[in-house]
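Here is a short tour of one protein chain, written to be read with the model open beside you. Take a moment to turn it around before reading on.

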Amino acid sequence: MNHPVLEAENVSRTFRLRGGLFRTGGEIRALRAVSLTVARGECVGLAGESGCGKSTFASILLGLDSPDTGEVRLDGQPIERFDRLARSRILQPVFQDPYASLNPRQRIADIVEAPLAIQGTVKKAERARQVREICDLVGLSETMITRFPYELSGGQRQRAAIARALILRPQLVICDEPTSALDVSVQAQILNLLQDLQNELKLSYLFISHDLAVIRHLCSRVAIMQAGCIVEEGPVPAIFDAPATPYTRQLLDSVLELDTHG
């Protein structure tokens, strides 16, 4: 059976707040019965304003947090059945701030190589060859990969973060606001790179963003999240042309056009 690469079913997460001397405890319901699937080769957008639960959902999908209820499955199997190394061969993240996600004390080549070294299944010479290959694929020259992160531009650092995510050739990449920290012209370059990589490597993406212009450019399907719930989901053209909820219409009204071809 050809399972979706990712399935989340009725995922809920509540954070409990401690009380203090002048305040009582409480709770925040970050996710409320969220269900979402990503098919093989598909790019699904997850959109919503800041604080709606997108990053909490991403943390659960990456195994960094656990849901109170519900289940996450990778390749048809519960995520709990995969140890950290096995999970990383299927699923990799690309985060918002490339500088914060790269070790400033390591050269780019060593950063990109690290996932292969941790897996422990590839010899050093072959790891070096694979690093050069994937860095060339994302547009980093051999000169660039001998540098430290602070010696690269923001766009180059994000290319390095993408190379690190792809060095294990995962099936799915979770992109959590991967262009929002970049200049608009650089955003367009990174979006086009992600699209080219998806086609060349047959990747699946879950693309998390508050920017529906970015979602429209990259994704075939989108889920709209509000206050921890998915309030609307469907093909991007259908959602953009005829949004069913006032919240989605409000998000669309606030979109600033992004020229992704500039």
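The report below covers a pocket, two helix pairs, two backbone angles and a few pairs of residues.

**The pocket**

Please keep in mind that this is a predicted model. A good place to start is the largest pocket, which has a volume of about 570 Å³. Its lining is made up of 24 residues, and those closest to the centre are Arg84, Ser88, Leu91, Gln92 and Pro93. Which elements each supply at least two residues of this lining? They are the helices α2 (84–90), α4 (108–119) and α6 (154–166), together with the strand β6 (91–94). Helix α4 gives the most, with five residues. By residue type, the lining of the largest pocket holds 14 nonpolar, seven polar and three charged residues.

**Two helix pairs**

Helix α4, met above as a contributor to the pocket lining, also packs against helix α5 (residues 124–138). Their axes lie 9 Å apart, at an angle of about 125 degrees. Are α4 and α5 oblique or roughly parallel to each other? An angle between 115 and 145 degrees falls in the oblique class, and α4 and α5 are therefore oblique to each other. The crossing of this pair is right-handed.

Helix α6, another of the elements in the pocket lining, has α7 as a partner, and the axes of these two helices come within 10 Å. They cross at roughly 20 degrees. Because angles under 35 degrees count as roughly parallel, α6 and α7 are placed in that class. Helix α6 passes α7 in a right-handed crossing.

**Two positive phi angles**

Most residues other than glycine have a negative phi. Two residues are worth a look with that in mind. Asparagine 10 has a phi near 50 degrees, a positive value in a residue other than glycine. This asparagine sits in strand β1 (residues 6–17), and it counts as partly exposed because its relative accessibility is 41%. Lysine 202 is not a glycine either, and its phi is positive at about 60 degrees. Where is lysine 202 found? It lies in the loop between α7 (184–201) and β8 (204–209). With a relative accessibility of 66%, lysine 202 counts as exposed.

**Residues around the end of α7 and the start of β8**

Serine 204 is found in strand β8. Is serine 204 buried or exposed? Its relative accessibility is 2%, so serine 204 counts as buried. Arginine 40 belongs to the loop between β2 (26–38) and β3 (43–47) and is partly exposed, at 37% relative accessibility. Glutamate 200, in helix α7, is exposed, with a relative accessible area of 52%.

The table sets sequence separation beside C-alpha to C-alpha distance for three pairs that involve these residues.

| Pair | Apart in sequence | C-alpha to C-alpha |
|---|---|---|
| Arginine 40 and serine 204 | 164 residues | 5.6 Å |
| Serine 204 and proline 4 | 200 residues | 9.8 Å |
| Glutamate 200 and proline 4 | 196 residues | 19 Å |

Serine 204 and proline 4, then, are 200 residues apart along the chain and 9.8 Å apart in space, while glutamate 200 and proline 4 are 196 residues apart along the chain and 19 Å apart in space.

Conventions. Residues are numbered from 1 along each chain as its sequence is written. This is a predicted model: local features need pLDDT of at least 70, side-chain atom pairs count only at pLDDT 80 or more; totals for chains, interfaces and linings use all residues. Side-chain values use heavy atoms; hydrogens and water are left out. On a 1 Å grid over the protein atoms alone, a cavity is a set of points where a 1.4 Å probe fits but cannot get out, and a pocket is an open set with protein on both sides within 12 Å along at least five of seven lines; lining residues have an atom within 4 Å of a point. Grid points are joined across faces, edges and corners, and a volume is the space filled by probe spheres set on the points. Helices (H or I, at least four residues) and strands (E, at least two) are DSSP runs, numbered from the N terminus. Ala, Val, Leu, Ile, Met, Phe, Trp, Tyr, Cys and Pro count as nonpolar, Asp, Glu, Lys and Arg as charged, and the others, Gly among them, as polar. Buried means under 20% relative accessible area, exposed over 50%, partly exposed in between (1.4 Å probe, protein chains only). Axes are lines fitted to C-alpha atoms, for helices over the stretch in contact, and angles run from 0 to 180 degrees between N-to-C directions. Angles under 35 degrees count as roughly parallel, over 145 as roughly antiparallel, 65 to 115 as roughly perpendicular and the rest as oblique. A crossing is left-handed if the near helix is turned anticlockwise from the far one by less than a right angle, and right-handed if clockwise.
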